[in-house]
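Reader: Please take me through this model and give the criterion behind each label you use.

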Amino acid sequence: MTINYALAKKQGPSLKAALTRAIKSGDPDKVWMACDKAVRAWEEWGAWPDDWSRWQRALDDACGYPNRAPRLEDL
């Protein structure tokens with residue numbers, strides 16, 4: 001499978017913005033949905049971005065201690 005760079009360039013900024021809005025909302029469900037949407041988009045592109053860990057950190061923070069957040073690849 002080849003990487004769809006055009007789609008990544010088009011969707012990437014909106015996925016980052018959605019994650020930022022979800023984090024600022026303080027709603028763990030919104031963070032979860034933003035992460036799930038991003039993983040689905042990355043799979044469609046054929047590659048994960050270099051800053052994928054930003055979504056994992058947001059998911060970890062949203063789940064809070066002592067809860068354990070799932071790994072992005074498990075969404």
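**Salt bridges, cysteines and a helix pair**

Author: The count of salt bridges comes to 3, a salt bridge being a side-chain nitrogen of Lys or Arg within 4 Å of a carboxyl oxygen of Asp or Glu. This is a predicted model, in which local features need pLDDT of at least 70 and side-chain atom pairs count only at pLDDT 80 or more, while totals for chains, interfaces and linings use all residues. Residues are numbered from 1 along each chain as its sequence is written, and side-chain values use heavy atoms, with hydrogens and water left out.

Reader: What makes Lys16 and Asp51 a salt bridge?

Author: Their closest N and O atoms are 3.4 Å apart, and the rule asks for within 4 Å. The pair links distant parts of the chain, 35 residues apart: Lys16 is in helix H1 (residues 5-25), and Asp51 is in the loop between helix H2 (28-45) and helix H3 (53-63). Helices here are DSSP runs (H or I, at least four residues), numbered from the N terminus.

Reader: Why does Lys16 count as partly exposed?

Author: Lys16 has 36% relative accessibility, and partly exposed lies between buried, under 20% relative accessible area, and exposed, over 50% (1.4 Å probe, protein chains only). Asp51, at 26%, is also partly exposed.

Reader: How far apart are the closest N and O atoms of Asp36 and Arg40?

Author: They are 3.0 Å apart, and the pair forms a salt bridge. Asp36 and Arg40 are separated by about one helical turn because they lie 4 residues apart in helix H2. Arg40 counts as exposed, at 58% relative accessibility.

Reader: Which side chain meets Glu73 in a salt bridge?

Author: That of Arg71, at 2.5 Å, N to O. Arg71 is exposed at 53%, whereas Glu73 is partly exposed at 41%.

Reader: Why is Cys35 not bonded to Cys63?

Author: A disulfide is a pair of cysteine sulfur atoms within 2.5 Å. The sulfur of Cys63 is the closest to that of Cys35, yet lies 8.8 Å away, so it is too far for a bond. The structure holds 0 disulfides. Cys35 is buried, with a relative accessible area of 0%.

Reader: Why is H2 called roughly antiparallel to H3?

Author: Their axes cross at roughly 155° and come within 9 Å. Axes are lines fitted to C-alpha atoms, for helices over the stretch in contact, and angles run from 0 to 180 degrees between N-to-C directions. Angles over 145 degrees count as roughly antiparallel, under 35 as roughly parallel, 65 to 115 as roughly perpendicular and the rest as oblique, so H2 is roughly antiparallel to H3.

Terms used
Helix = DSSP H or I, 4+ residues; strand = E, 2+ residues; numbered from the N terminus.
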